[in-house]
Amino acid sequence: MVFHSLEYFFFLPIVFLVYYFCRQKYRWMVLLAASVFFYASLQKPYLLLVLFGVILVSYFSALRIEKLDEEKAKKKVFVLGVFLNVAVLVAMKYLPFLSENINAILQVLFRAEPLPIPPIIVSIGVSFYVFQAISYLYDVYLGIQKPEKHFGIFALYMSFFPKIMQGPIERGRKLLPQLKQPYEFHYDNMRMGMLLIVWGLFKKVVIADRLGVIV
């Protein structure tokens, strides 16, 4: 499901209406369920497992960093959390590329048999939420951001459907409070949001797609 598809045209209003009529304490569940459904619509189940793994690593690493008093111990947990997230990104996006280059080097230097090259896999959104996780851990490590204790809210912060596939990478101190605050309907905000959506669709469908053919 992409933002300019017919499916998304129906998906977004339905999510908004359910969110609007739902009680405040359940609204985060509505958004989380919508985000999981949105990402699952890519029909690549392993992407959900990767996302869940990044969420688990980042959530528990941040909690551990807060509990530790010694700077050296905090740094070890921070480095480990970043390393695991980067390892996920490398495995998903760059392993075939690295394998090809390693094979080329081995062939030139040692005439060695080539290593098996793993197939290229779909990794839509992985870069965005991995870098978001790293920025979150960095803020927690520096004391800029308090770790989010509510696992569901944190999972929503990591998987929020409007930005999981194409960004932007949101800092925790900016997005997390918005996910918790009570929602109030404002006509001007709705009108401005609709105008931005229509203008974005015009630039994507009318301008960018036409220029893409030429490019």
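A crossing of two helices is called left-handed if the near helix is turned anticlockwise from the far one by less than a right angle, and right-handed if clockwise. I set this down before opening the model, which is a predicted one, since two of the helix pairs below are described by their handedness.

**Entry 1, overall make-up.** I began with the secondary structure and found that the chain comes to eight helices and zero strands, so that reading along the sequence gives the pattern α-α-α-α-α-α-α-α. I then looked up burial for the whole chain, where 34% of the 215 residues count as buried. For contacts with a separation of 6 or more, I noted that 73% are accounted for by residues 24 or more positions apart.

**Entry 2, α6 and α7.** I turned to helix α6, residues 151-159, and helix α7, residues 172-180, which pack at an angle of about 120 degrees with their axes 10 Å apart. That angle makes α6 oblique to α7, because the class called roughly perpendicular runs from 65 to 115 degrees and roughly antiparallel starts over 145. By the definition I wrote at the top, α6 passes α7 in a right-handed crossing. I listed the residues that make the contact: from α6 they are Ile 153, Leu 156 and Tyr 157, and from α7 they are Gly 172, Leu 175, Leu 176, Leu 179 and Lys 180. Sorted by class, this contact has six nonpolar residues, one polar and one charged.

**Entry 3, the buried side of α7.** I asked which residues of α7 are buried, and found Gly 172, Leu 175, Leu 176 and Leu 179. Looking down the axis of α7, I see these buried residues fall within an arc of 100 degrees, so they line one face of the helix. Among what covers them are α5, residues 126-142, and α6.

**Entry 4, α5 and α6.** Since α5 had come up as part of that cover, I looked up how it packs on α6. The axes of α5 and α6 come within 9 Å and cross at roughly 130 degrees, which makes α5 oblique to α6. On the α5 side the contact is made by Tyr 129, Gln 132, Ala 133, Ser 135 and Tyr 136, and on the α6 side by Phe 154, Tyr 157 and Met 158. By class I recorded six nonpolar and two polar residues, with no charged residues.

**Entry 5, Met 158.** I next took up Met 158, which lies in helix α6, and asked whether it is buried or exposed. Met 158 is buried, with a relative accessible area of 0%. Leaving aside its neighbours within four places in sequence, I found Met 158 in contact with Leu 51, Val 54, Ile 55, Tyr 129, Gln 132, Ala 133, Lys 163 and Ile 164. I also noted that its C-alpha atom is separated by 8.8 Å from that of Val 130, although the two residues are 28 residues apart along the chain.

**Entry 6, Ser 127.** Staying with α5, I looked up Ser 127, which is found in that helix. The C-alpha atoms of Ser 127 and Met 165 are separated by 8.7 Å, while the residues themselves are 38 residues apart along the chain. With neighbours within four places in sequence left aside, Ser 127 is in contact with Leu 89 and Lys 93.

**Entry 7, α2 and α6.** I then went back to α6 for its packing with α2, where the axes come within 9 Å and cross at roughly 45 degrees. That makes α2 oblique to α6, and α2 passes α6 in a left-handed crossing. The contact is made by Trp 28, Leu 31, Leu 32 and Ser 35 of α2, together with Gly 152, Ile 153, Ala 155, Leu 156 and Ser 159 of α6. By class I counted six nonpolar and three polar residues here, and no charged residues.

**Entry 8, Gln 43.** My last check was of backbone angles. Most residues other than glycine have a negative phi. Gln 43, by contrast, has a phi near 60 degrees, a positive value in a residue other than glycine. I located Gln 43 in the loop between α2, residues 27-40, and α3, residues 45-67. Gln 43 is exposed, with a relative accessible area of 68%, since exposed here means over 50%.

Technical notes. Residues are numbered from 1 along each chain as its sequence is written. This is a predicted model: local features need pLDDT of at least 70, side-chain atom pairs count only at pLDDT 80 or more; totals for chains, interfaces and linings use all residues. Side-chain values use heavy atoms; hydrogens and water are left out. Axes are lines fitted to C-alpha atoms, for helices over the stretch in contact, and angles run from 0 to 180 degrees between N-to-C directions. Angles under 35 degrees count as roughly parallel, over 145 as roughly antiparallel, 65 to 115 as roughly perpendicular and the rest as oblique. Contact means heavy atoms within 4.5 Å. Ala, Val, Leu, Ile, Met, Phe, Trp, Tyr, Cys and Pro count as nonpolar, Asp, Glu, Lys and Arg as charged, and the others, Gly among them, as polar. Buried means under 20% relative accessible area, exposed over 50%, partly exposed in between (1.4 Å probe, protein chains only). The arc is that of the directions from the helix axis to the C-beta atoms.
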